[in-house]
Protein chains: 2
Amino acid sequence: MSEHVINPNVSVDCVVFGFDTQSLKVLLIEQKPVDGKPGHLALPGDLVLNDESLDDAAARVLRELTGIEGIFLRQFHAFGDPNRVKQVEDLDWLKSYRDNPEARVITIGYYALVKMDDFAPEASSFAERVFWKDIHEVPSLAFDHNSISESALVRLREEFENRKVGFELLPEKFTLSQLQSLYEAIEDRELDKRNFRKKVMKEKLVVPLDEKQTGVVHKPARLYELNLEVLSQAPVPGSFVTMKF
Amino acid sequence: MSEHVINPNVSVDCVVFGFDTQSLKVLLIEQKPVDGKPGHLALPGDLVLNDESLDDAAARVLRELTGIEGIFLRQFHAFGDPNRVKQVEDLDWLKSYRDNPEARVITIGYYALVKMDDFAPEASSFAERVFWKDIHEVPSLAFDHNSISESALVRLREEFENRKVGFELLPEKFTLSQLQSLYEAIEDRELDKRNFRKKVMKEKLVVPLDEKQTGVVHKPARLYELNLEVLSQAPVPGSFVTMKF
């Protein structure tokens with residue numbers, strides 16, 4: 001990195017949501033201790049280099065801090081409160097890690113949604129630790145990272161509603177219970193099983209297969225697959241996720 | 001402005017769409033001439049001040065260059081190609097107007113949709129001229145402003161589809177022809193009158209009134225009003241427009 005010029009005024013922050021088949025987690029780092037004080041919890045984020053695009057910066061920063069790469073990070077909002085990096089509790093860290101700790105930093109927020117089990121994050125660079133945290137249990141984060149995480153969640157829910165972002169996280173063949181769990185995790189509410197099934201069948205988002213679950217102790221449920229024809233009619237199809245099944 | 005510090009690395013650009021009851025226009029400026037050469041055409045945009053938020057910067061810059069104020073500008077994307085302000089044809093202007101013409105500038109794009117007739121833009125600051133241009137006739141613009149305008153149009157169409165942004169531009173009571181013109185202008189396609197009416201009635205977006213047009217030479221058409229109950233169920237209702245009727 002040393003030969004690259006760092007832009008003092010612009011950073012990227014990554015909100016990576018992980019779905020574990022039941023709930024949504026968000027990926028957090030703990031900053032390395034500064035002067036013996038334990039580091040703060042934060043989103044993976046850092047300043048951009050002057051010769052890289054914002055998308056490239058987001059991918060690089062996520063990789064450098066957490067080891068995660070190859071996921072689709074989607075830009076969702078720029079955060080520019082003039083005081084967003086001026087809190088006393090963040091200044092020590094900025095003084096240790098930045099040449100211009102007083103500089104105003106505008107940050108560009110990126111988010112992604114992945115299957116948690118596909119990734120084993122590993123802390124490096126100024127991250128002491130990296131871990132998943134349930135979205136209901138996010139502690140106080142550095143800078144304005146709580147607000148950035150919440151905005152990302154709002155955007156994720158909009159994209160789930162409007163473009164069916166997140167359907168890619170299902171196995172190729174799935175039960176309606178698995179589909180319901182995805183809805184419940186992202187929309188963060190319990191759904192009535194019967195009404196949910198009615199709605200899904202009416203929207204023709206999934207197609208029943210002539211197959212049932214195998215290797216389960218309970219009564220095996222019917223399997224379904226995505227109706228890609230209907231899904232591809234969602235507005236701006238395919239502009240979001242290119243993730244592995 | 002002189003007492004404020006200008007951030008050399010971050011700007012805002014405003015894409016203001018004007019609806020004239022039939023078509024969509026976009027608001028452009030012509031930069032003041034530099035060294036006798038005529039200025040380029042561009043979106044209204046400029047660097048942010050270090051003590052203002054991005055939203056405030058967008059409102060200020062639009063006001064300073066075009067006189068337009070009091071409209072809801074919505075942030076939609078940050079543009080950060082490292083070479084976006086490095087084209088030869090833009091450098092003369094940057095050298096005349098900026099302390100650090102070589103600085104990398106990331107710009108935050110804002111867009112708005114207004115009734116064209118509500119505003120009479122007036123050029124000031126480094127704008128020599130300000131004018132509306134049909135979205136099909138946008139000439140070559142400075143920097144990456146063509147690409148920013150196109151992205152804004154894509155976002156406007158998504159928001160129109162998903163959140164019914166733009167319905168506020170209709171008069172309080174309107175005919176189905178007026179509604180169809182709004183759809184046709186924003187979606188940029190001709191719609192079949194019969195199918196359009198069927199779809200609108202099915203979606204219950206409008207309510208027929210027991211009233212007809214007056215003062216028209218043709219056979220007066222029935223008037224309708226928005227079904228605010230249905231419209232308010234659009235995702236994230238009301239987060240966009242607070243415009244005059």
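Contact here means heavy atoms within 4.5 Å, and the structure shown in these views is a predicted model.

**Figure 1. Surroundings of Phe143(B), a residue in the loop between β7 (127-134) and α3 of chain B.** Leaving out residues up to four places away in sequence, Phe143(B) touches Gln31(B), Arg84(B), Val85(B), Gln87(B), Asp90(B), Trp93(B) and Leu94(B). The relative accessible area of Phe143(B) is 11%, and because buried means under 20%, this loop residue counts as buried. Along the chain Phe143(B) stands 57 residues from Lys86(B), whereas in space the two C-alpha atoms are 7.9 Å apart.

**Figure 2. Chain A as a whole, with six helices and nine strands.** The C-alpha trace of chain A spans about 60 × 35 × 30 Å along its principal axes. Chain A has 245 residues, of which 54% count as buried. Among the contacts in chain A with a separation of 6 or more, 70% are accounted for by residues 24 or more positions apart.

**Figure 3. The two chains and the area buried between them, about 2,000 Å².** On one side of the interface 27 residues of chain A take part, in contact with 27 residues of chain B. Carbon and sulfur atoms give 53% of the area buried between chain A and chain B. Of the area that chain A buries against chain B, 23% is supplied by Gln75(A), Arg104(A) and Glu158(A), which is more than any other three residues supply. Two copies of a chain are related by a rotation about an axis and a shift along it. In this model chain A is superposed on chain B by a rotation of 180 degrees with 0.0 Å of shift along the axis, at an RMSD of 0.0 Å. The two copies are therefore related as by a two-fold rotation axis. The same surface serves both copies, since 100% of the contact residues of chain A recur in chain B.

**Figure 4. Packing of helix α3 (residues 145-163) against helix α4 (residues 176-187) in chain B.** The two helices of chain B pack at an angle of about 145 degrees, and their axes are 9 Å apart. From α3(B) the contact draws on Leu156(B), Arg157(B), Phe160(B) and Glu161(B), which meet Leu182(B), Tyr183(B), Ile186(B) and Glu187(B) from α4(B). Sorted by character, the residues of this contact comprise five nonpolar and three charged residues, with no polar ones.

**Figure 5. Glu159(B) in helix α3 of chain B, with Lys164(B) in the loop between α3 and α4 of chain B.** Glu159(B) has a relative accessibility of 6% and so counts as buried. Setting aside residues up to four places away in sequence, Glu159(B) touches Arg74(B), Tyr111(B), Lys164(B) and Val165(B). Lys164(B), one of these partners, is itself buried, with a relative accessible area of 15%. The backbone of Lys164(B) has a phi near 60 degrees, a positive value in a residue other than glycine.

**Figure 6. Asp188(A), a residue in the loop between α4 (176-187) and α5 (193-203) of chain A.** The phi of Asp188(A) is near 55 degrees, which is a positive value in a residue other than glycine. Asp188(A) has a relative accessibility of 36% and therefore counts as partly exposed.

**Figure 7. Ser11(B) in strand β1 (residues 6-19) of chain B.** Ser11(B) is buried, its relative accessible area being 4%. Apart from neighbours within four places in sequence, Ser11(B) is in contact with Asp46(B), Leu47(B) and Val48(B), and also with Val105(B), Ile106(B), Thr107(B) and Ile108(B). Val217(B) lies 206 residues from Ser11(B) along the chain, and the C-alpha atoms of the two residues are separated by 50 Å.

**Figure 8. Cys14(A) and Cys14(B), two buried cysteines.** Cys14(A) has a relative accessibility of 0% and so counts as buried, and Cys14(B), also at 0% relative accessibility, counts as buried too. A disulfide is a covalent bond between the sulfur atoms of two cysteines. Over all chains, the structure holds zero disulfides.

Key. Residues numbered from 1 in each chain as written. Chains lettered and ligands numbered in written order. Predicted model: local features only at pLDDT ≥ 70, side-chain atom pairs only at ≥ 80, totals over all residues. Heavy atoms only, no water. Axes fitted to C-alpha atoms, helices over the stretch in contact; angles between N-to-C directions. Helix = DSSP H or I, 4+ residues; strand = E, 2+ residues; numbered from the N terminus. Nonpolar A, V, L, I, M, F, W, Y, C, P; charged D, E, K, R; others polar. Least-squares fit on C-alpha atoms with pLDDT ≥ 70 in both. Disulfide = S-S within 2.5 Å. Buried < 20%, exposed > 50% of the residue type's maximum accessible area, 1.4 Å probe, protein only. Buried area = accessible area lost by both parts, 1.4 Å probe.
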